[in-house]
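Colleague: I am new to this structure. Please take me closely through one part of it, the helix packing and the hollows around it, one step at a time.

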Amino acid sequence: MQNLHYMSAPAREAFTRLAARLEPRLREGCAPRDADLFLIRLERYFADFYVPLAQIYGERSDFLQQLDTLGAQMLAAYADRPEPLRLLDIERQMTPDWFQRETMVGYVCYPDLFAGTLRGVREHLTYLRELGVTYLHLMPILQPRSGTNDGGYAVEDYRRVNPALGTMDDLAALAGDLHTNGISLCIDLVLNHTAREHTWAQRAMAGEPEYLDFYHTFADRTLPDSYEATLREVFPDFASGNFTWYPHMAEGGRWVWTTFNEFQWDLNYTNPAVFRAMADIMFFLANQGVDILRLDAVPFIWKRIGTDCENQPEVHLLLQAFRGVMRVVAPAVIFKAEAIVSPDKLIPYLGLHAAEGKECELAYNNQLMVQLWSTLATHDVTLLTHVLHAMPTPPTGTTWITYLRCHDDIGWAITDEYAAAVGVNGFLHRQFLNEFYSGAFPGSFARGSLFQYNPVTRDARISGTTASLAGLEQALATRDPYAIDLAVRRVLLLHSVIMAYSGIPLIYMGDELGMVNDFSFCSDPLRVDDNRWMHRPPMNWKLAAQRHDKVSVVGRIYAGLRRLITIRTGTPALHAGGSAQTMWTDNPHVFAFYRQHPRGHLLLLANFSEYEQQVASELMWHGKLRGEVRNLLDPEGFRPTADFNRIHLKAYECMWLVGSQSR
Ligand code: OTU
């Protein structure tokens, strides 16, 4: 036992106590080697969860009993873990960079929209394999409340799959098939709130004190009013305020904390039973074969009066504790933080300082996403370069999810400070982006819609698919071949950047086919109020059938993406263990970054203008590319000569330049 002396005295004492209590049961229930492995992991990760839990719950008189119960839960989950997953645990611990590899390519879809059911998804694995997908994020699949349910983010039962999609056995079978095909599985875990139909909420509703304590509820407006003074509203259009009055709750009615919709009740993590219940759900899902848990709305899980109740220090302590216990039970599983927050608040989700390597392995790079769209509208890379320059590097052993679109709207997370630093007025720029992407701005190629327009602040966000926002919908409507060509180039340009920037690129279902906005949600009374459904269309398999027709629009987009993926997976410089450093070029339309990894270097150049552009080739030498320089994306089109000193990029062209000598 080599980890004991790394622990503080109280941690050591608590560990020794817990291990002694668990060991007899462990020896009884597990093979000797498995029992040993559990104890080794328990010792190795004990402080990782004990220390944060002690900070949050240590003052409670029942803290040690809580720890005992947690330990018993861990042991039970470990004993239940299927053999193939135990091997996967060992394999992943030997390959801690598995999710950072250049071979990682993500795809995200709603299973019902993609293939009807989980079985349907299994039947479409060849499609995903053909595209080169190695990471599949299935949007909410656990049993939601019936009726409107925020696209599945109002969960009624975390241990059942939405019956419309299949069963838990179907999920486990799908996970097995995915693993056989080299694809890891990500699912959503909504840990900030449950549906009000969840048994916990129902029992709270009935006034059971044990379950009232699972939520934040209030007899009158005193505390809600004090909190409300500093809270923001996430969905001002259809769910104003953060508290909902339930007249029949307990006796005499209560206010319930509902950050999102009124049917989504925020959980109360000051109660250790909530932490334990959620940890148990994590174990359960891990044992079905889930590899990545997307922790939905995680910034909101801790409340503090006088603050916006987001990103509180306790959120990070809870995440560290969750991760610590998961390392013991199911170390193959990693966490993805769904924290759409500013860079300084985002980086701590990947584990900073003492928490390095102890929080989430993945987080969405919202800044890159927002800046790419902003740059597409302005054709000017200055703000993009500035913002990414200032963006902290993810700590060792973690990386980004890079993406263009997801099921949510695009919120213009561009601070006034960043905008001002490059001579832009933040407010006016955000107004411009909303006008541009809703198509109101004269000459705009985009067709999106405003989401959650707030007439007081004039804030709004944007809905729409990649293709529609990049001009394809409009171009197809006008049948203008030149406009269509530009739109296709924009779609590919954006993907070329997210495929090469450090992290796992995540393709949003339908983007590989250039699918445009879908307005069928307008005739569904449960969806009509939420225009995010315009970019959540059913998969168009008819269009998919044309994907190999290289002269068609869909064929051009699909082939382009397919090529990017093939080249990415063969380019060691793109391993996310390396760095991505943005560089200034001498042309405001050309974005550049440099990827450095011991196994290779790569310089990306991306022309955000619809005209040919040039940059000084010295860039490559500053960037340390050595030997003969090649453009991986177009080896024929790029022929450096002895005297060349400018690099020419075609309209919206992206280059991935590498040198023949790796350094
Ligand atoms: C998430 O989004 C989901 O992505 C949404 O689809 C859900 O509606 C929501 O949670 C509730 O479950 O504010 O505008 O910093 O940005 O959690 C969407 C995180 C959201 C938040 C994010 C949230």
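Modeller: One definition comes first. A helix axis here is a line fitted to C-alpha atoms over the stretch in contact, and an angle runs from 0 to 180 degrees between N-to-C directions. Keep in mind that this is a predicted model.

Start with α2 and α13. Their axes come within 8 Å. They cross at roughly 160 degrees. Angles over 145 degrees count as roughly antiparallel. Therefore α2 and α13 are roughly antiparallel to each other. The crossing of this pair is left-handed.

Now keep α13 and change the partner. Helix α13 covers residues 313-329, and helix α12 covers residues 272-287. The axes of α12 and α13 come within 10 Å. The crossing angle is roughly 40 degrees. That makes α12 oblique to α13. The crossing of α12 and α13 is right-handed.

Next, the enclosed spaces. How many cavities of 30 Å³ or more does the structure hold? There are five. The largest cavity contains about 70 Å³ of space. Two helices from the crossings return here: α2 (32-57) and α12 each give two or more residues to the lining of the largest cavity, as does α3 (63-80). Which element gives the most? It is α3, with four residues. The lining consists of L53, Y57, F63, Q66, L67, L70, P272, F275 and R276. Sorted by class, seven of these lining residues are nonpolar, one is polar and one is charged.

The second largest cavity holds about 50 Å³. Its lining is made up of L231, R232, N242, W257, T259, F300, K303, D308, C309 and E310. By class, four of the lining residues are nonpolar, two are polar and four are charged. This cavity also brings in the domains. Domain 1 (9-95 + 308-337) and domain 2 (195-266) each supply at least three residues to the lining of the second largest cavity.

What are the domains of the protein chain? Besides domain 1 and domain 2, there are domain 3 (365-576) and domain 4 (577-661). Measure of spread: the centres of domain 1 and domain 4, taken over C-alpha atoms, are 47 Å apart.

Domain 2 also leads to an open space, the second largest pocket. Where does this pocket lie? Domain 2 (195-266) and domain 3 (365-576) both give residues to its lining, so the pocket lies between them. The space in the second largest pocket is about 680 Å³. In total, 36 residues line it. Lying nearest its centre are T148, N149, D150, G151 and L526.

Three elements each supply at least two residues of the lining of this pocket: α5 (111-115), β3 (142-144) and β8 (243-246). The largest share is three residues, from α5. By class, the lining of the second largest pocket has 17 nonpolar, eleven polar and eight charged residues.

To recap, follow α13 to its two crossings: roughly antiparallel with α2, and oblique with α12. Then follow α2 and α12 to the lining of the largest cavity. Finally, follow domain 2 to the second largest cavity and to the second largest pocket.

Note on methods:
Residues numbered from 1 in each chain as written. Predicted model: local features only at pLDDT ≥ 70, side-chain atom pairs only at ≥ 80, totals over all residues. Heavy atoms only, no water. 1 Å grid on protein atoms, 1.4 Å probe; cavity = no way out; pocket = protein on both sides within 12 Å on 5 of 7 lines; lining within 4 Å. Points joined across faces, edges and corners; volume = space filled by probe spheres on them. Nonpolar A, V, L, I, M, F, W, Y, C, P; charged D, E, K, R; others polar. Domains from an automatic or database assignment. Parallel < 35°, antiparallel > 145°, perpendicular 65-115°, else oblique. Left-handed = near helix turned anticlockwise from the far one by under 90°.
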